[in-house]
Amino acid sequence: MTFTMTTVPEIMAGGAQRIGAHETVLAAARKPIRDLQVGALSMCGDDNRPIGVITDRDIVVKVLGTGLDPSEGGEVGTLAQGEAVTIGADDDADEIFATLTLHKVRCLPVIDPVGMVALADAARARKDPEAGRLIEALATD
């Protein structure tokens, strides 16, 4: 089974929210994740370039699960691990899936235009629509 030659801008979630590395974990949990109903935010450094992704799972496992209090000023940037894995707007669905698979991640920040591509987005770009529906069903509550 192969992908269509769909590119990132055609399948990405537009208007993705970013959060600064110096903002608090509580700010990440409240506004974007709770209020916007998203599970991941692109984390940016002082130069506004992606340095990673913070997920709702990161907050639960790395903050709450270790007994830390997110309201005590813990910075989002402390949760960044290694080099940011991103995707460019010129990349197609094949590259998205390859990058997701290689790095074992479920979403990728898009550098320009700003956005986010999730595993379910890439799966829906497949010629077989069942793959996208299966992944989306598994990823939802």
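Me: Which residue in the turn of the E3 and E4 hairpin has a positive phi?
Reply: Keep in mind that this is a predicted model. In it, E3 and E4 form a hairpin with 5 residues between them. One residue in that turn has a positive phi of about 65°, and this residue is not a glycine. The residue you're after is Asn48.

Me: Is Asn48 buried, partly exposed or exposed?
Reply: Asn48 is found in the loop between E3 and E4. Its relative accessible area is 48%. Buried means under 20% and exposed means over 50%, with partly exposed in between. So Asn48 counts as partly exposed.

Me: Lys104 has a positive phi too, so what is its value?
Reply: Most residues other than glycine have a negative phi. Lys104 lies in the loop between H4 and E5, and at 74% relative accessibility it counts as exposed. Lys104 is not a glycine, yet its phi is positive, at about 55°.

Me: How many residues of strand E3 are buried?
Reply: Take the two faces of E3 in turn. On one side sit Ala40, Ser42 and Cys44, and on the other Leu41 and Met43, all of them buried. Strand E3 covers residues 40–44 and is largely enclosed by the rest of the structure, because the buried count is 5 of the 5.

Me: Which strand runs parallel to E3?
Reply: Look at what stands opposite Met43 in E3: that's Ile19. The parallel partner is joined to E3 by 3 bridges and spans residues 18–20. That strand is E2.

Me: And how many bridges pair E3 with E4?
Reply: Here the pairing is in the antiparallel sense, and E4 takes in residues 50–55. Cys44 of E3 stands opposite Pro50 in E4. The number of bridges between E3 and E4 is 5.

Me: Which element gives the most residues to the largest nonpolar core?
Reply: In soluble globular proteins, nonpolar side chains tend to be buried together. The largest nonpolar core here has 14 residues, and those with the most contacts inside it are Val8, Ile87, Ile96, Val110 and Val117. Helix H1 (8–11), helix H4 (93–103), strand E5 (107–110) and helix H5 (119–124) each give two or more residues to this core. The top contributor, with 4 residues, is H4.

Me: How many residues are in the other core?
Reply: This core lies apart from the one that H4 gives the most to. Among its residues are Val25, Met43, Ile54 and Val76. Met43 is also one of the buried residues of E3. The size of this other core is 10 residues.

Me: Leaving aside neighbours within four places in sequence, which residues is Ile87 in contact with?
Reply: Ile87 is among the residues with the most contacts inside the largest nonpolar core. With those sequence neighbours set aside, its contacts are Val8, Glu95, Ile96, Thr99, Leu108, Pro109, Val110, Ile111 and Val117.

Me: Which residue meets Lys62 in a salt bridge?
Reply: Side chains of opposite charge can pair when their charged atoms come close. By the rule used here the count comes to 1 salt bridge, and its N to O distance is 3.4 Å. The two residues are separated by about one helical turn, because they are 4 residues apart in helix H3. The partner of Lys62 is Asp58.

Me: Is Asp58 buried or exposed?
Reply: Asp58 is found in helix H3, residues 56–63. Leaving aside neighbours within four places in sequence, it is in contact with Val53, Val63 and Leu79. Its salt-bridge partner Lys62 counts as partly exposed at 25% relative accessibility. Asp58 has a relative accessible area of 13%, so it is buried.

Me: What is the area of the nonpolar surface patch made by Val60, Val61 and Leu64?
Reply: Val61 lies in helix H3, and at 42% relative accessibility it counts as partly exposed. Together with Val60 and Leu64, Val61 makes a patch of about 250 Å².

Me: Zooming out, what percentage of the residues of the protein chain count as buried?
Reply: There are 6 helices and 6 strands in the protein chain, and from the N terminus on they run α-β-β-α-β-β-α-α-β-β-α-α. The accessible surface comes to about 8,200 Å², of which 52% belongs to carbon and sulfur atoms. Of the 141 residues, the buried share is 34%.

Methods. Residues numbered from 1 in each chain as written. Predicted model: local features only at pLDDT ≥ 70, side-chain atom pairs only at ≥ 80, totals over all residues. Heavy atoms only, no water. Core = buried A, V, L, I, M, F, W, Y, C linked by side-chain atoms within 4.5 Å. Buried < 20%, exposed > 50% of the residue type's maximum accessible area, 1.4 Å probe, protein only. Contact = heavy atoms within 4.5 Å. Patch = residues over 30% accessible without salt bridge, like charges linked within 9 Å, V, L, I, M, F, W, Y side chains within 5 Å. Areas by Shrake-Rupley, 256 points an atom, 1.4 Å probe, with all protein chains shown as cover. Salt bridge = Lys/Arg side-chain N within 4 Å of Asp/Glu carboxyl O. Pairing = 2+ DSSP bridges.
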